[in-house]
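Please find below a colleague's note on the model under review. The points are numbered for ease of reply.

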Amino acid sequence: VLMLFISCENILEEEVFSQLAPNNFFRTAEDAEASLIAAYAASQVLGDRRDYLLLAELNTDILIQREGGLRRDAQRIEDFTWDATHPWFQGMWNRHYQVIYRANVVLDRVPPIKMDESRKVQILAEARFIRAFSYMYLFDYFGGVPLIETSEILLNDRSARASREQIIKFIEVELKAVAVILPPVQSQYPRVTSHVVNGFLCKFY
């Protein structure tokens, strides 16, 4: 039996033409818009709205859940026996910090991009609102939480918990700042406007 083996050197060291990474992505105005859209997409946490309502009402006599897949988790809220392992709290925490991370990516990576400066300023303002929006919800759920203002973090980083006063001041400062930057009307729905920011600021107060 004749066996023939053929091999090549460096066969896996191919030139990559289409792989995106932080060092080759954030270069154009289109890249800046795409990163902002990613932050918007993460902020559409529809499950949060359901959980927010249930957490507010299940521990009262207004809402009682006795059927379906929600029963197991709802019962712990009704009985006041929940703890930090409850999936609704874990889901809220993870989803909102994903939003915050994506907004921080915009704020860290977009400033060096050469593009229309007025649009860049507006993109950064929208990202600041998205981040403050998530901190508003986290504050409502948990009070003081880790205040992370950069995307340059490591997997094992454990940021200290900010005080209630620090979170309140951060949210207020951010919303007031972007309210004077954003226009009252946007060309695309549902991008944030100055009216939206002022509405959330009133709600926060």
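The points that follow begin with the overall fold and then turn to individual elements and residues.

1. Overall fold. The structure is a predicted model. The protein contains eight helices and zero strands, and its order along the sequence reads α-α-α-α-α-α-α-α.

2. Burial and contacts. Of the 205 residues of the protein, 40% count as buried. Among contacts with a separation of 6 or more, 60% join residues 24 or more positions apart. The exposed surface of the protein is about 13,200 Å², and carbon and sulfur atoms supply 57% of it.

3. Helix α6. This helix covers residues 117-142, 26 residues in total. From first C-alpha to last, α6 reaches 37 Å, close to the 38 Å expected at 1.5 Å a residue. Helix α6 is mostly covered, with 20 of its 26 residues buried. Just after α6 comes glycine 143, with a positive phi of about 75 degrees.

4. Threonine 193. This residue belongs to the loop between α7 (164-179) and α8 (194-204). Threonine 193 counts as buried because its relative accessibility is 10%, and buried means under 20%. Leaving aside residues up to four places away in sequence, threonine 193 touches Leu182, Pro183, Pro184, Val185 and Gln186.

5. Phenylalanine 80. Is this residue, in the loop between α4 (71-78) and α5 (87-109), buried or exposed? Phenylalanine 80 counts as exposed because its relative accessibility is 54%, and the cut-off for exposed is over 50%. Its C-alpha atom is separated by 9.6 Å from that of leucine 58, a residue 22 residues apart from phenylalanine 80 along the chain.

Methods. Residues numbered from 1 in each chain as written. Predicted model: local features only at pLDDT ≥ 70, side-chain atom pairs only at ≥ 80, totals over all residues. Heavy atoms only, no water. Helix = DSSP H or I, 4+ residues; strand = E, 2+ residues; numbered from the N terminus. Expected span 1.5 Å × (residues − 1). Buried < 20%, exposed > 50% of the residue type's maximum accessible area, 1.4 Å probe, protein only. Contact = heavy atoms within 4.5 Å. Areas by Shrake-Rupley, 256 points an atom, 1.4 Å probe, with all protein chains shown as cover.
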